[in-house]
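Got the viewer open? Let's take a walk through this one, a stop at a time.

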Amino acid sequence: MADRETMEEAFKQALGNRVFECAVIPTSDINFSVDVLKACEANVCGKYNTCWTCPPVIGPMEQHKKKIRAFPWAFVFTTKGDLEDSFDYEGMIRAKDCHNRLSAEMHERFGKTNPVYGAGSCTLCESCAWPNPCRFPGKTIISVEAAGINVTDLSRTGNIKYNNGANTVTYFSMILF
Ligand code: SF4
């Protein structure tokens, strides 16, 4: 496997100027908590137990912790979207789509050897096929939060800003290596 600097450079080059901030952090410094999954269980987004990339369908937190910690490093990256105001829901969706396209591109390029965790549930289909077989199993990305990782905590560990000011929205993804 290539060394840390080579991989970091490869990720940075692939992302180009579309990334807002990025950092490499040891996976041993990532905290996992079942409390994060309580937000999923509250089903605020309506995807709990209805999507192949969401809890509890993706399996227990410990399984993801083991998978993530099997890699020494996580390359964490963010994108920032500008909103007209704090009620600009369409702007938030646009920014999330933009972030998800970037994460999908990284998954396409590196995902065979380097798992990618993204932002939010899978939106590749208008309605998820679950419990029938996933339509695009090679393209799905599980979210950072669904793995039991608190994104605010992750931002502190990586010294990356979680909040980038009024009328902005920031999304997080990470690639393991
Ligand atoms: S690709 Fe479609 S079927 Fe598969 S997890 Fe995503 S939304 Fe569900």
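Start by selecting Met106. Leaving aside residues up to four places away in sequence, Met106 touches Ala14, Val116 and Ile175. Show those partners as sticks too. Met106 itself sits in helix α4, and it counts as buried because it has 23 C-beta neighbours inside 10 Å, where 20 or more is what it takes. Now draw a distance from its C-alpha to that of Gly138: the two are 13 Å apart in space and 32 residues apart in sequence. Keep in mind as you go that this is a predicted model.

Next, zoom out to the whole protein. Colour by secondary structure and you can pick out five helices and five strands. Follow the chain from the N terminus, and the order of the elements is α-β-α-α-β-α-β-β-α-β. The C-alpha atoms fill a box of roughly 40 × 40 × 30 Å along the principal axes. How does the radius of gyration fit a compact globule of 177 residues? The protein has 16 Å, and such a globule would have a value near 16 Å, so the two agree. Of the 177 residues, 32% count as buried. As for contacts with a separation of 6 or more, 74% of them join residues 24 or more positions apart.

Now go to the beginning of the chain and select residues 4-15. This is helix α1, twelve residues that reach 17 Å from the first C-alpha to the last, close to the 16 Å expected at 1.5 Å a residue. Step on to Gly16, which follows α1 and has a positive phi, near 60 degrees.

Move along to strand β1, residues 21-26, and click on Ile25 there. Is Ile25 buried or exposed? It falls in between: Ile25 has 17 C-beta neighbours inside 10 Å, so it counts as partly exposed. Not counting residues up to four places away in sequence, Ile25 touches Ile30, Ala74, Val76, Thr157 and Gly158. For a long view across the model, draw a line from Ile25 to Pro133: their C-alpha atoms are separated by 34 Å, with their positions 108 residues apart along the chain.

Time to look inside. In soluble globular proteins, nonpolar side chains tend to be buried together. Here, the largest nonpolar core has 35 residues, and Phe75, Val76 and Val144 are those with the most contacts inside it. To see where the core comes from, select α2 (34-41), β2 (73-82), α4, β3, α5 (151-158) and β5 (168-176), the elements that give two or more residues to it. The largest share, five residues, comes from β5. Then centre on Phe75, which touches Glu8, Phe11, Cys22, Val24, Met174, Ile175 and Phe177, again not counting residues up to four places away in sequence.

For a contrast, select Lys112, in the loop between α4 (89-110) and β3 (116-118). Lys112 is exposed, because it has 9 other C-beta atoms within 10 Å, and 12 or fewer is the cut-off. Gly138 turns up again here: its C-alpha is 9.2 Å from that of Lys112, and the two are 26 residues apart along the chain.

Last stop: the ligand. Which residues come nearest to it? Of the 13 around the ligand, they are Trp52, Cys122, Cys125, Cys128 and Cys134. Colour the shell by class and you get ten nonpolar, two polar and one charged residues.

Key. Residues numbered from 1 in each chain as written. Predicted model: local features only at pLDDT ≥ 70, side-chain atom pairs only at ≥ 80, totals over all residues. Near = placed C-beta within 6 Å. Nonpolar A, V, L, I, M, F, W, Y, C, P; charged D, E, K, R; others polar. Helix = DSSP H or I, 4+ residues; strand = E, 2+ residues; numbered from the N terminus. Core = buried A, V, L, I, M, F, W, Y, C linked by C-beta atoms within 7 Å. Contact = placed C-beta atoms within 7 Å. Rg over C-alpha atoms; globule rule 2.2 N^0.38 Å. Expected span 1.5 Å × (residues − 1).
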